[in-house]
Number of protein chains: 2
Amino acid sequence: MELKEAKAKYIQAWGILGSSWGINKTMGQVHALLMISPEALSTEDIMRELNISRGNANMNIRALIDWGLIFKEFKSGERREYFRSEKDVWELARTVAAQRKQRELAPIIRMLNEARNVKGESSKELDEFKKVTKDLNDFAGKATGILDRFIRSDKNWFTGIFMRLIR
Amino acid sequence: MELKEAKAKYIQAWGILGSSWGINKTMGQVHALLMISPEALSTEDIMRELNISRGNANMNIRALIDWGLIFKEFKSGERREYFRSEKDVWELARTVAAQRKQRELAPIIRMLNEARNVKGESSKELDEFKKVTKDLNDFAGKATGILDRFIRSDKNWFTGIFMRLIR
DNA sequence: TCATACTTTCAATACTTTCTGAAAGTTATT
DNA sequence: AATAACTTTCAGAAAGTATTGAAAGTATGA
């Protein structure tokens, strides 16, 4: 396979992966493009490579910066802005986990917790509700605990403890 | 809070959570409804409780069965089909993990692996590409390893090893 | 201050997904 | 075989999301 072909494949795959996980296709593609590029790229470069409009490119670049996945870079003597991505996959995973936790998981878990605060005399329905929601909360508590630890951790924790897990 | 209100809140939260993770809102809501119901429910029941059309109810019930998250149940003397959900959160998480791995992760990882099979003489671009895709694959390998272990595991593994992780 | 080189915004449009309701299909019962 | 009780399908409506391209905005420097 040629580099050009391989790149295209990689960018496409990243786009699909993104769209099935709530990040949109273009955003995934822009990110992939920057991941595999040794140089920082400008908006123009991105537009050209991915065949997308200026508005679209701009929007998704902003969003990626917002997520903390890519960074602006200035080249001296140049007016144009360039963008570069974080290349450490470990760092990337931590950033995404932290963001999603903040944006999506936390508010929902709060909501589920509130729902548990239900009053009334015991009945089959109430008991079932309490049981299910309690289980769910315990689980969510454990899961977010792991997630937190993951977010705060360093590379070593992963390769250390997790490697033991998968052996 | 009253049970009715708490239920509504719970169902809504599950719907939102679903829609931000690639499962649609109604599907999440149907699932939530069945989770907290002590009795199996019929299509009619679900339509009424969630205010959705017959077609929509049917579609999402099928999809949930397909995912292995809910089951048909027959009541003797009744013609109508009833549905019940898996209530063990642990089991639920494992089922979802297994499904998503099969449906989404596996094909993409295959695709990314293929992209790594690139030929050509060494250049800055090629080197960068190889480096990034290698890192990514290592990471994906570890992650799917953990996922596999999780899918195959029993409750004990989680409460045992994972509890140690979060302490 | 003006021209230039860019970046950002936004209304219109295209595209995708979800939902509805009616019609068609299926199975059990008389 | 006819009816009744239910389930499934499907075409079109509605809702939601992404994309474009042009216009507006901003900074640079002659």
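**View 1. Salt bridges link chain A and chain B in this predicted model.** Let us start where the two chains meet: the interface of chain A and chain B holds 8 salt bridges. One pair to look for is A:K7 with B:E125, which form a salt bridge whose closest N and O atoms are 2.6 Å apart. Polar contacts can be counted here too, and between chain A and chain B there are 8 residue pairs of this kind, with both residues at pLDDT 80 or more.

**View 2. Several helices of chain A touch chain B.** Which elements give two or more residues to the side of chain A that touches chain B? They are α1 (3–19), α2 (25–36), α5 (89–115), α6 (124–152) and α7 (155–166) of chain A. The most comes from α6(A), which gives 14 residues to this side. Sorted by class, the side of chain A that touches chain B has 34 nonpolar, 7 polar and 16 charged residues.

**View 3. Chain A and chain B bury area against each other.** Now take in the whole contact, with 57 residues from chain A and 57 residues from chain B. A handy way to express the size of an interface is often the accessible area lost when the parts come together. Between chain A and chain B the buried area is about 5,800 Å², and carbon and sulfur atoms give 76% of that area.

**View 4. Chain A is assigned two domains.** Staying within chain A, you can follow domain 1 over residues 3–85 and domain 2 over residues 89–166. How far apart do the C-alpha centres of these two domains of chain A lie? They are 31 Å apart. The contact between them takes 8 residues from domain 1 of chain A and 6 residues from domain 2 of chain A.

**View 5. Domain 1 of chain A meets domain 2 of chain A.** Here the buried area is about 660 Å², with 65% of it from carbon and sulfur atoms. Three residues to find are A:W21, A:W67 and A:L69: together they supply 66% of the area that domain 1 of chain A buries against domain 2 of chain A, more than any other three residues. How many salt bridges cross this interface between domain 1 and domain 2 of chain A? The count is 0, while 1 residue pair is in polar contact across it, both residues being at pLDDT 80 or more. By class, the side of domain 1 of chain A that touches domain 2 of chain A has 5 nonpolar, 2 polar and 1 charged residues.

Key:
Residues numbered from 1 in each chain as written. Chains lettered and ligands numbered in written order. Predicted model: local features only at pLDDT ≥ 70, side-chain atom pairs only at ≥ 80, totals over all residues. Heavy atoms only, no water. Contact = heavy atoms within 4.5 Å. Buried area = accessible area lost by both parts, 1.4 Å probe. Salt bridge = Lys/Arg side-chain N within 4 Å of Asp/Glu carboxyl O. Polar contact = N/O pair within 3.5 Å; in protein donor to acceptor, adjacent residues only side chain to side chain. Helix = DSSP H or I, 4+ residues; strand = E, 2+ residues; numbered from the N terminus. Nonpolar A, V, L, I, M, F, W, Y, C, P; charged D, E, K, R; others polar. Domains from an automatic or database assignment.
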